[in-house]
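Work through these exercises with the sequence and the model open. Try each task before you read its solution.

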Amino acid sequence: MKRIDWKTLDEAGREAALARPAQSRATELRSGVEAIIAAVRRGGDATLRELTARYDRIALEDLVVSEDEFAAAEARLLPELKAAIREAAGRVETFHRAAAPGPVAVDTAPGVRVERVLRPIGRVGLYVPAGGAPLPSTAIMLGVPAAIAGCREVVLCTPVQANGRCDDAVLFAARATGVHRVFKLGGAQAIAAMAYGTASVPRCDKLFGPGNAWVTEAKLQVAGDPDGAAIDMPAGPSEVLVIADADADPVFVAADLLSQAEHGPDSQVLLVSPSADLLDRVEHELERQRAALPRAAVAADALANSRLVLVADVLEAVEVSNRYAPEHLIVQTAEPRALLDQVTSAGSVFLGPWTPESLGDYCSGSNHVLPTYGYARSYSGVSVASFQKQVTVQEATAAGLRAIGPCAAILAEAEQLEAHRRAVTLRLAALDNAA
(Lines give C-alpha, C1' and ligand atoms only; values in the text may rest on other atoms or scores of the structure.)
Protein backbone atom coordinates (compact mmCIF):
# COMPACT_ATOMS: atom_id res chain seq x y z
CA MET A 1 0.00 0.00 0.00
CA LYS A 2 1.18 3.50 -0.77
CA ARG A 3 2.14 5.60 2.28
CA ILE A 4 0.96 9.24 2.28
CA ASP A 5 1.62 12.09 4.71
CA TRP A 6 -1.44 14.32 4.33
CA LYS A 7 0.19 17.50 5.66
CA THR A 8 2.88 17.46 2.98
CA LEU A 9 0.42 17.45 0.08
CA ASP A 10 -0.94 20.43 -1.82
CA GLU A 11 -4.50 20.43 -3.14
CA ALA A 12 -3.60 18.61 -6.34
CA GLY A 13 -1.64 16.05 -4.34
CA ARG A 14 -4.60 15.41 -2.05
CA GLU A 15 -6.89 14.90 -5.01
CA ALA A 16 -4.46 12.39 -6.45
CA ALA A 17 -4.03 10.64 -3.10
CA LEU A 18 -7.76 9.94 -2.86
CA ALA A 19 -8.25 9.06 -6.53
CA ARG A 20 -9.98 5.77 -7.15
CA PRO A 21 -8.83 3.23 -9.74
CA ALA A 22 -10.14 4.37 -13.10
CA GLN A 23 -13.45 2.80 -14.01
CA SER A 24 -13.49 1.46 -17.52
CA ARG A 25 -16.08 2.87 -19.87
CA ALA A 26 -13.89 2.15 -22.85
CA THR A 27 -15.36 2.32 -26.33
CA GLU A 28 -15.11 -1.47 -26.64
CA LEU A 29 -17.12 -2.00 -23.44
CA ARG A 30 -19.80 0.53 -24.36
CA SER A 31 -20.22 -0.79 -27.88
CA GLY A 32 -20.20 -4.39 -26.66
CA VAL A 33 -22.99 -3.71 -24.19
CA GLU A 34 -24.95 -1.74 -26.79
CA ALA A 35 -24.75 -4.72 -29.12
CA ILE A 36 -25.96 -7.14 -26.44
CA ILE A 37 -28.88 -4.90 -25.50
CA ALA A 38 -29.88 -4.45 -29.13
CA ALA A 39 -29.64 -8.21 -29.75
CA VAL A 40 -31.83 -9.03 -26.74
CA ARG A 41 -34.41 -6.47 -27.82
CA ARG A 42 -34.52 -8.02 -31.31
CA GLY A 43 -34.21 -11.71 -30.49
CA GLY A 44 -35.71 -12.04 -27.01
CA ASP A 45 -35.50 -15.48 -25.42
CA ALA A 46 -33.60 -17.02 -28.34
CA THR A 47 -30.85 -14.43 -27.95
CA LEU A 48 -30.73 -15.00 -24.20
CA ARG A 49 -30.17 -18.72 -24.77
CA GLU A 50 -27.54 -18.00 -27.41
CA LEU A 51 -25.63 -15.59 -25.17
CA THR A 52 -25.81 -17.97 -22.19
CA ALA A 53 -24.35 -20.73 -24.36
CA ARG A 54 -21.60 -18.38 -25.58
CA TYR A 55 -20.56 -16.82 -22.27
CA ASP A 56 -21.57 -19.43 -19.67
CA ARG A 57 -21.17 -22.48 -21.92
CA ILE A 58 -24.55 -23.80 -20.83
CA ALA A 59 -27.43 -24.76 -23.15
CA LEU A 60 -30.62 -23.73 -21.41
CA GLU A 61 -34.06 -25.07 -22.17
CA ASP A 62 -36.05 -23.15 -19.58
CA LEU A 63 -34.88 -19.70 -18.55
CA VAL A 64 -36.97 -19.64 -15.39
CA VAL A 65 -36.09 -21.64 -12.29
CA SER A 66 -38.75 -24.31 -11.72
CA GLU A 67 -40.39 -25.34 -8.46
CA ASP A 68 -38.51 -28.63 -8.62
CA GLU A 69 -35.21 -26.75 -8.93
CA PHE A 70 -36.05 -24.61 -5.90
CA ALA A 71 -36.89 -27.74 -3.91
CA ALA A 72 -33.70 -29.52 -4.98
CA ALA A 73 -31.58 -26.48 -4.09
CA GLU A 74 -33.11 -26.32 -0.61
CA ALA A 75 -32.54 -30.05 -0.10
CA ARG A 76 -28.84 -29.72 -0.97
CA LEU A 77 -28.15 -26.89 1.48
CA LEU A 78 -26.77 -27.54 4.94
CA PRO A 79 -29.31 -26.83 7.70
CA GLU A 80 -27.01 -24.30 9.36
CA LEU A 81 -26.75 -22.26 6.14
CA LYS A 82 -30.52 -22.21 5.71
CA ALA A 83 -30.88 -21.13 9.33
CA ALA A 84 -28.30 -18.36 8.84
CA ILE A 85 -30.11 -17.05 5.76
CA ARG A 86 -33.42 -16.96 7.63
CA GLU A 87 -31.76 -15.34 10.65
CA ALA A 88 -30.09 -12.65 8.55
CA ALA A 89 -33.27 -11.96 6.59
CA GLY A 90 -35.16 -11.55 9.85
CA ARG A 91 -32.80 -8.86 11.11
CA VAL A 92 -32.78 -7.08 7.75
CA GLU A 93 -36.59 -7.09 7.86
CA THR A 94 -36.65 -5.75 11.44
CA PHE A 95 -34.46 -2.77 10.58
CA HIS A 96 -36.02 -2.01 7.21
CA ARG A 97 -39.57 -2.07 8.58
CA ALA A 98 -38.57 0.35 11.32
CA ALA A 99 -36.76 2.64 8.86
CA ALA A 100 -39.43 2.60 6.15
CA PRO A 101 -41.04 5.96 5.31
CA GLY A 102 -44.63 6.52 6.35
CA PRO A 103 -47.53 8.60 5.07
CA VAL A 104 -47.77 12.27 6.07
CA ALA A 105 -50.77 14.60 6.30
CA VAL A 106 -50.53 18.21 7.46
CA ASP A 107 -52.67 21.35 7.23
CA THR A 108 -50.38 24.02 5.75
CA ALA A 109 -53.12 26.65 6.17
CA PRO A 110 -56.71 26.56 7.44
CA GLY A 111 -58.60 24.55 4.84
CA VAL A 112 -55.49 23.38 2.98
CA ARG A 113 -54.34 19.81 3.54
CA VAL A 114 -51.20 18.40 1.95
CA GLU A 115 -50.40 14.71 2.14
CA ARG A 116 -47.75 12.23 1.10
CA VAL A 117 -48.92 8.75 0.19
CA LEU A 118 -46.66 5.80 -0.63
CA ARG A 119 -47.08 3.47 -3.59
CA PRO A 120 -44.87 0.49 -4.40
CA ILE A 121 -43.05 0.34 -7.72
CA GLY A 122 -45.07 -2.18 -9.69
CA ARG A 123 -42.45 -4.59 -10.98
CA VAL A 124 -38.79 -4.61 -9.96
CA GLY A 125 -35.81 -6.59 -11.23
CA LEU A 126 -33.03 -7.76 -8.93
CA TYR A 127 -29.58 -8.78 -10.12
CA VAL A 128 -27.47 -11.12 -7.98
CA PRO A 129 -23.93 -11.78 -9.28
CA ALA A 130 -22.28 -15.17 -9.17
CA GLY A 131 -19.03 -14.62 -11.00
CA GLY A 132 -16.16 -14.70 -8.52
CA ALA A 133 -18.48 -15.99 -5.80
CA PRO A 134 -22.26 -16.37 -5.42
CA LEU A 135 -23.92 -13.73 -3.23
CA PRO A 136 -27.02 -15.00 -1.41
CA SER A 137 -26.64 -12.01 0.92
CA THR A 138 -27.47 -9.71 -2.01
CA ALA A 139 -30.69 -11.62 -2.60
CA ILE A 140 -31.56 -10.92 1.03
CA MET A 141 -30.63 -7.23 0.83
CA LEU A 142 -32.80 -6.69 -2.24
CA GLY A 143 -35.64 -9.14 -1.66
CA VAL A 144 -36.53 -8.05 1.87
CA PRO A 145 -37.14 -4.31 1.22
CA ALA A 146 -38.96 -5.13 -2.04
CA ALA A 147 -41.35 -7.36 -0.07
CA ILE A 148 -41.89 -4.74 2.65
CA ALA A 149 -42.59 -2.08 0.02
CA GLY A 150 -45.27 -4.33 -1.46
CA CYS A 151 -44.02 -4.50 -5.05
CA ARG A 152 -46.56 -6.38 -7.15
CA GLU A 153 -43.91 -8.54 -8.83
CA VAL A 154 -40.28 -9.13 -7.91
CA VAL A 155 -38.07 -10.97 -10.40
CA LEU A 156 -34.43 -11.91 -9.97
CA CYS A 157 -31.69 -12.81 -12.44
CA THR A 158 -28.56 -14.70 -11.44
CA PRO A 159 -26.06 -16.55 -13.67
CA VAL A 160 -25.91 -20.28 -14.04
CA GLN A 161 -22.85 -22.12 -12.81
CA ALA A 162 -20.75 -24.69 -14.66
CA ASN A 163 -23.18 -27.40 -13.53
CA GLY A 164 -26.06 -25.63 -15.28
CA ARG A 165 -27.74 -24.63 -12.03
CA CYS A 166 -28.07 -21.35 -10.22
CA ASP A 167 -26.38 -21.23 -6.83
CA ASP A 168 -28.41 -23.17 -4.25
CA ALA A 169 -28.04 -20.54 -1.52
CA VAL A 170 -29.09 -17.72 -3.86
CA LEU A 171 -32.23 -19.64 -4.80
CA PHE A 172 -33.04 -20.38 -1.18
CA ALA A 173 -32.53 -16.73 -0.18
CA ALA A 174 -34.70 -15.56 -3.08
CA ARG A 175 -37.53 -17.86 -2.06
CA ALA A 176 -37.13 -17.00 1.64
CA THR A 177 -37.49 -13.27 0.94
CA GLY A 178 -40.53 -13.52 -1.31
CA VAL A 179 -39.03 -13.15 -4.79
CA HIS A 180 -41.69 -14.28 -7.25
CA ARG A 181 -39.59 -15.61 -10.14
CA VAL A 182 -35.89 -16.31 -10.73
CA PHE A 183 -34.25 -16.48 -14.16
CA LYS A 184 -31.01 -18.25 -15.06
CA LEU A 185 -29.44 -15.20 -16.63
CA GLY A 186 -26.30 -13.18 -16.02
CA GLY A 187 -24.37 -10.29 -17.47
CA ALA A 188 -25.55 -7.41 -19.61
CA GLN A 189 -28.12 -9.68 -21.28
CA ALA A 190 -29.92 -10.15 -17.94
CA ILE A 191 -30.13 -6.38 -17.46
CA ALA A 192 -31.43 -5.95 -21.01
CA ALA A 193 -34.05 -8.66 -20.51
CA MET A 194 -35.38 -7.09 -17.32
CA ALA A 195 -35.31 -3.57 -18.75
CA TYR A 196 -37.12 -4.31 -22.02
CA GLY A 197 -38.81 -7.65 -21.44
CA THR A 198 -38.93 -10.85 -23.51
CA ALA A 199 -41.49 -13.62 -23.90
CA SER A 200 -40.21 -15.18 -20.64
CA VAL A 201 -38.75 -12.27 -18.66
CA PRO A 202 -41.20 -9.51 -17.70
CA ARG A 203 -40.30 -5.89 -18.31
CA CYS A 204 -39.37 -4.19 -15.03
CA ASP A 205 -39.81 -0.60 -13.91
CA LYS A 206 -36.60 -0.40 -11.86
CA LEU A 207 -33.46 -2.53 -11.59
CA PHE A 208 -31.35 -3.18 -8.51
CA GLY A 209 -28.10 -4.88 -7.62
CA PRO A 210 -24.33 -4.92 -8.15
CA GLY A 211 -22.36 -6.53 -10.95
CA ASN A 212 -19.21 -6.45 -13.06
CA ALA A 213 -18.27 -3.74 -15.57
CA TRP A 214 -20.62 -5.19 -18.21
CA VAL A 215 -23.57 -5.26 -15.81
CA THR A 216 -22.80 -1.75 -14.57
CA GLU A 217 -22.52 -0.41 -18.12
CA ALA A 218 -25.78 -2.10 -19.09
CA LYS A 219 -27.56 -0.53 -16.12
CA LEU A 220 -26.26 2.91 -17.07
CA GLN A 221 -27.37 2.46 -20.67
CA VAL A 222 -30.91 1.29 -19.92
CA ALA A 223 -31.28 4.04 -17.30
CA GLY A 224 -30.38 6.61 -19.97
CA ASP A 225 -33.01 5.27 -22.38
CA PRO A 226 -36.58 6.59 -21.97
CA ASP A 227 -37.79 3.13 -23.03
CA GLY A 228 -35.48 1.39 -20.53
CA ALA A 229 -35.69 1.15 -16.74
CA ALA A 230 -34.66 3.18 -13.72
CA ILE A 231 -31.77 1.87 -11.61
CA ASP A 232 -30.97 1.93 -7.91
CA MET A 233 -27.74 3.97 -8.09
CA PRO A 234 -24.46 4.33 -9.98
CA ALA A 235 -22.11 1.52 -9.04
CA GLY A 236 -18.40 0.93 -8.81
CA PRO A 237 -15.92 -1.41 -7.15
CA SER A 238 -16.33 -2.11 -3.43
CA GLU A 239 -14.32 0.05 -1.01
CA VAL A 240 -13.67 0.75 2.66
CA LEU A 241 -12.00 3.54 4.61
CA VAL A 242 -10.85 2.86 8.17
CA ILE A 243 -10.19 5.62 10.71
CA ALA A 244 -8.02 4.25 13.52
CA ASP A 245 -6.09 5.82 16.37
CA ALA A 246 -2.95 4.59 18.13
CA ASP A 247 -4.89 2.24 20.41
CA ALA A 248 -6.64 0.36 17.58
CA ASP A 249 -5.85 -3.33 17.20
CA PRO A 250 -3.75 -3.72 14.01
CA VAL A 251 -4.99 -7.31 13.61
CA PHE A 252 -8.61 -6.12 13.47
CA VAL A 253 -7.79 -3.19 11.18
CA ALA A 254 -5.88 -5.37 8.73
CA ALA A 255 -8.69 -7.93 8.69
CA ASP A 256 -11.22 -5.21 7.85
CA LEU A 257 -9.08 -3.86 5.03
CA LEU A 258 -8.57 -7.34 3.56
CA SER A 259 -12.29 -8.14 3.78
CA GLN A 260 -12.85 -5.50 1.11
CA ALA A 261 -9.62 -6.06 -0.82
CA GLU A 262 -10.60 -9.67 -1.56
CA HIS A 263 -13.71 -8.51 -3.47
CA GLY A 264 -11.74 -7.76 -6.62
CA PRO A 265 -8.55 -6.26 -8.03
CA ASP A 266 -10.27 -2.92 -8.61
CA SER A 267 -11.48 -2.63 -5.00
CA GLN A 268 -9.82 0.04 -2.88
CA VAL A 269 -9.07 0.25 0.84
CA LEU A 270 -7.74 3.18 2.84
CA LEU A 271 -6.42 3.44 6.38
CA VAL A 272 -6.35 6.97 7.82
CA SER A 273 -4.61 7.43 11.17
CA PRO A 274 -2.69 9.99 13.24
CA SER A 275 -0.37 7.19 14.36
CA ALA A 276 2.62 6.35 12.15
CA ASP A 277 3.32 3.36 14.38
CA LEU A 278 -0.16 1.94 13.77
CA LEU A 279 0.28 2.36 10.02
CA ASP A 280 3.53 0.35 10.26
CA ARG A 281 1.95 -2.41 12.30
CA VAL A 282 -1.10 -2.67 10.05
CA GLU A 283 1.07 -2.81 6.94
CA HIS A 284 3.00 -5.74 8.41
CA GLU A 285 -0.22 -7.44 9.51
CA LEU A 286 -1.77 -7.06 6.07
CA GLU A 287 0.97 -9.15 4.48
CA ARG A 288 0.82 -11.77 7.22
CA GLN A 289 -2.96 -12.23 6.94
CA ARG A 290 -3.13 -11.90 3.17
CA ALA A 291 -0.74 -14.82 2.65
CA ALA A 292 -3.27 -17.17 4.24
CA LEU A 293 -6.26 -16.07 2.13
CA PRO A 294 -7.63 -18.18 -0.73
CA ARG A 295 -8.02 -14.95 -2.72
CA ALA A 296 -4.56 -13.64 -1.78
CA ALA A 297 -3.66 -12.66 -5.34
CA VAL A 298 -6.89 -10.68 -5.77
CA ALA A 299 -6.27 -8.89 -2.47
CA ALA A 300 -2.70 -8.08 -3.51
CA ASP A 301 -3.93 -6.39 -6.69
CA ALA A 302 -6.43 -4.34 -4.69
CA LEU A 303 -3.81 -3.32 -2.12
CA ALA A 304 -1.63 -1.99 -4.92
CA ASN A 305 -4.32 0.67 -5.49
CA SER A 306 -4.78 1.37 -1.79
CA ARG A 307 -3.46 3.95 0.69
CA LEU A 308 -2.06 4.39 4.20
CA VAL A 309 -2.69 8.04 5.10
CA LEU A 310 -0.99 9.80 8.02
CA VAL A 311 -3.00 12.73 9.41
CA ALA A 312 -2.62 15.16 12.33
CA ASP A 313 -5.54 13.85 14.43
CA VAL A 314 -8.81 11.93 14.21
CA LEU A 315 -10.78 15.06 13.29
CA GLU A 316 -8.58 15.50 10.24
CA ALA A 317 -9.11 11.82 9.52
CA VAL A 318 -12.86 12.46 9.38
CA GLU A 319 -12.26 15.37 7.01
CA VAL A 320 -10.29 13.07 4.73
CA SER A 321 -13.06 10.47 4.92
CA ASN A 322 -15.78 12.98 4.05
CA ARG A 323 -13.75 14.09 1.09
CA TYR A 324 -13.36 10.50 -0.13
CA ALA A 325 -17.04 9.60 0.65
CA PRO A 326 -16.47 5.86 1.15
CA GLU A 327 -18.97 3.09 0.59
CA HIS A 328 -18.01 1.68 4.01
CA LEU A 329 -16.50 3.71 6.87
CA ILE A 330 -15.07 1.89 9.89
CA VAL A 331 -14.16 3.95 12.97
CA GLN A 332 -11.80 2.21 15.42
CA THR A 333 -10.91 4.96 17.87
CA ALA A 334 -11.12 5.44 21.63
CA GLU A 335 -14.53 7.16 21.31
CA PRO A 336 -15.91 6.29 17.88
CA ARG A 337 -19.44 7.60 18.47
CA ALA A 338 -18.03 11.01 19.36
CA LEU A 339 -16.95 11.35 15.71
CA LEU A 340 -20.27 10.31 14.19
CA ASP A 341 -21.78 13.81 14.05
CA GLN A 342 -18.82 14.93 11.97
CA VAL A 343 -19.38 12.21 9.34
CA THR A 344 -21.28 13.69 6.41
CA SER A 345 -20.59 11.35 3.48
CA ALA A 346 -20.50 7.57 3.81
CA GLY A 347 -22.65 4.72 2.60
CA SER A 348 -22.61 2.87 5.94
CA VAL A 349 -20.66 3.47 9.18
CA PHE A 350 -19.27 0.83 11.56
CA LEU A 351 -18.36 2.02 15.05
CA GLY A 352 -15.85 0.42 17.38
CA PRO A 353 -13.55 -2.61 17.45
CA TRP A 354 -16.34 -5.19 17.67
CA THR A 355 -18.21 -4.05 14.55
CA PRO A 356 -16.50 -5.51 11.48
CA GLU A 357 -17.91 -4.41 8.14
CA SER A 358 -18.76 -8.06 7.50
CA LEU A 359 -21.70 -7.74 9.90
CA GLY A 360 -23.27 -5.14 7.63
CA ASP A 361 -22.56 -7.30 4.60
CA TYR A 362 -24.58 -10.14 6.03
CA CYS A 363 -26.71 -9.88 9.11
CA SER A 364 -26.67 -6.73 11.26
CA GLY A 365 -29.87 -5.57 9.55
CA SER A 366 -28.56 -2.64 7.48
CA ASN A 367 -28.38 -2.89 3.70
CA HIS A 368 -25.15 -3.68 1.90
CA VAL A 369 -26.18 -2.33 -1.50
CA LEU A 370 -24.48 1.05 -1.11
CA PRO A 371 -23.17 3.94 -3.21
CA THR A 372 -19.54 3.55 -4.26
CA TYR A 373 -16.96 5.59 -6.16
CA GLY A 374 -17.72 8.78 -4.23
CA TYR A 375 -21.47 8.69 -4.89
CA ALA A 376 -22.05 8.61 -1.12
CA ARG A 377 -21.80 12.41 -1.36
CA SER A 378 -25.24 12.46 -2.93
CA TYR A 379 -26.76 8.95 -2.88
CA SER A 380 -28.02 6.67 -0.12
CA GLY A 381 -27.97 2.91 0.11
CA VAL A 382 -30.91 0.73 -0.89
CA SER A 383 -33.88 0.88 1.48
CA VAL A 384 -37.62 0.30 1.43
CA ALA A 385 -37.97 3.82 0.00
CA SER A 386 -35.94 2.70 -3.03
CA PHE A 387 -38.82 0.40 -3.97
CA GLN A 388 -41.54 3.00 -3.44
CA LYS A 389 -42.88 6.13 -5.06
CA GLN A 390 -43.81 9.05 -2.83
CA VAL A 391 -46.90 10.79 -4.18
CA THR A 392 -48.08 14.14 -2.83
CA VAL A 393 -51.78 14.98 -2.52
CA GLN A 394 -53.42 18.32 -1.76
CA GLU A 395 -57.00 19.30 -1.07
CA ALA A 396 -58.30 22.82 -0.47
CA THR A 397 -61.69 23.96 0.74
CA ALA A 398 -63.22 27.22 -0.45
CA ALA A 399 -61.84 28.88 2.66
CA GLY A 400 -58.46 27.36 1.96
CA LEU A 401 -58.42 28.75 -1.58
CA ARG A 402 -59.33 32.19 -0.22
CA ALA A 403 -56.45 31.93 2.25
CA ILE A 404 -53.63 30.97 -0.14
CA GLY A 405 -55.01 31.73 -3.61
CA PRO A 406 -53.72 35.33 -3.70
CA CYS A 407 -50.21 34.06 -2.95
CA ALA A 408 -50.37 31.69 -5.92
CA ALA A 409 -51.75 34.44 -8.20
CA ILE A 410 -48.95 36.87 -7.34
CA LEU A 411 -46.26 34.25 -7.97
CA ALA A 412 -47.88 33.18 -11.27
CA GLU A 413 -47.95 36.80 -12.42
CA ALA A 414 -44.27 37.19 -11.50
CA GLU A 415 -43.47 34.20 -13.69
CA GLN A 416 -45.63 35.59 -16.53
CA LEU A 417 -47.84 32.50 -16.57
CA GLU A 418 -51.26 34.07 -17.05
CA ALA A 419 -53.20 30.81 -17.36
CA HIS A 420 -51.76 29.73 -14.02
CA ARG A 421 -52.92 33.00 -12.45
CA ARG A 422 -56.41 32.76 -13.95
CA ALA A 423 -56.89 29.16 -12.75
CA VAL A 424 -56.81 30.73 -9.27
CA THR A 425 -58.40 34.14 -9.79
CA LEU A 426 -61.42 32.76 -11.70
CA ARG A 427 -62.22 30.58 -8.72
CA LEU A 428 -61.72 33.45 -6.27
CA ALA A 429 -64.09 35.57 -8.35
CA ALA A 430 -66.67 32.77 -8.35
CA LEU A 431 -66.49 32.63 -4.56
CA ASP A 432 -66.91 36.40 -4.35
CA ASN A 433 -69.93 36.32 -6.65
CA ALA A 434 -71.56 33.56 -4.62
CA ALA A 435 -71.11 35.43 -1.33
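A pocket is an open set of grid points with protein on both sides within 12 Å along at least five of seven lines, and its lining residues have an atom within 4 Å of a point. Keep in mind that the model is predicted.

**Exercise 1. The second largest pocket**

Task: Find which residues lie nearest the centre of the second largest pocket, and which elements supply its lining.

Solution.
- Step 1. Start with the volume. The second largest pocket holds about 310 Å³ of space.
- Step 2. Turn to the lining. It is made up of 22 residues. Nearest the centre lie Phe95, Gly347, Leu370, Ser380 and Gly381.
- Step 3. Assign elements. α4 (79–99) and β13 (348–351) each give at least two lining residues.
- Step 4. Pick the main supplier. α4 provides the largest share of the lining, three residues.

**Exercise 2. The annotated active site**

Task: Locate the residues that UniProt lists under "active site", and decide whether each is buried or exposed.

Solution.
- Step 1. Read the record. The unreviewed UniProt entry lists Glu327 and His328 as "active site".
- Step 2. Place them. Glutamate 327 sits in the loop between α12 (314–324) and β12. Histidine 328 belongs to strand β12 (residues 328–332).
- Step 3. Apply the cut-off. Buried means under 20% relative accessible area. Glutamate 327 has 6% relative accessibility, so it counts as buried. Histidine 328 has 2%, so it is buried as well.
- Step 4. Check the link between them. Their side chains are joined by a polar contact of 3.5 Å.
- Step 5. Look for a shared partner. The side chain of glutamate 327 reaches the backbone nitrogen of glutamate 239 at 2.9 Å. The side chain of histidine 328 reaches the backbone oxygen of glutamate 239 at 2.8 Å.
- Step 6. Add contacts beyond four places in sequence. For glutamate 327 they include Pro237, Ser238, Gln260, His368 and Thr372. For histidine 328 they include Val240, Leu241, Phe350 and Glu357.

**Exercise 3. The annotated binding site**

Task: State how far apart the "binding site" residues lie, then describe the surroundings of Asp361.

Solution.
- Step 1. List the residues. The "binding site" annotation, from the unreviewed UniProt entry, covers Ser238, Gln260, His263, His328, Asp361, Glu415 and His420. They span 183 residues of sequence, and in space they are spread up to 55.0 Å between C-alpha atoms.
- Step 2. Place Asp361. Aspartate 361 is part of helix α13 (residues 357–362).
- Step 3. Judge its exposure. Its relative accessibility is 12%, so aspartate 361 counts as buried.
- Step 4. Find its contacts beyond four places in sequence. Aspartate 361 touches Ser137, Met141, Gln260, His263, His328 and His368.
- Step 5. Compare with the annotation. Gln260, His263 and His328 appear both among these contacts and in the "binding site" list.

**Exercise 4. Salt bridges**

Task: Describe where the partners sit in the salt bridges of arginine 175, lysine 219 and arginine 281.

Solution.
- Step 1. Take the total. The whole structure has 24 salt bridges.
- Step 2. Examine arginine 175. Its partner is glutamate 67, with the closest N and O atoms 3.1 Å apart. The pair links distant parts of the chain: arginine 175 is in helix α6 (residues 168–176), and glutamate 67 is in helix α3 (residues 67–76), 108 residues apart. Arginine 175 is partly exposed at 33%, whereas glutamate 67 is exposed at 53%.
- Step 3. Examine lysine 219. It pairs with aspartate 232, the closest N and O atoms being 2.8 Å apart. Lysine 219 lies in helix α8 (residues 213–223), and aspartate 232 in the loop between β8 (230–231) and β9 (239–244). Both residues are buried.
- Step 4. Examine arginine 281. It meets aspartate 277 at 3.1 Å, N to O. The two are four residues apart in helix α10 (residues 276–290), so about one helical turn separates them. Arginine 281 is partly exposed at 34%, and aspartate 277 is partly exposed at 45%.
- Step 5. Finish with a network. Salt bridges link Arg3, Asp280 and Glu283.

Methods: Residues numbered from 1 in each chain as written. Predicted model: local features only at pLDDT ≥ 70, side-chain atom pairs only at ≥ 80, totals over all residues. Heavy atoms only, no water. UniProt positions renumbered as here; feature names shortened; annotations may be inferred. Buried < 20%, exposed > 50% of the residue type's maximum accessible area, 1.4 Å probe, protein only. Contact = heavy atoms within 4.5 Å. Polar contact = N/O pair within 3.5 Å; in protein donor to acceptor, adjacent residues only side chain to side chain. Salt bridge = Lys/Arg side-chain N within 4 Å of Asp/Glu carboxyl O. 1 Å grid on protein atoms, 1.4 Å probe; cavity = no way out; pocket = protein on both sides within 12 Å on 5 of 7 lines; lining within 4 Å. Points joined across faces, edges and corners; volume = space filled by probe spheres on them.
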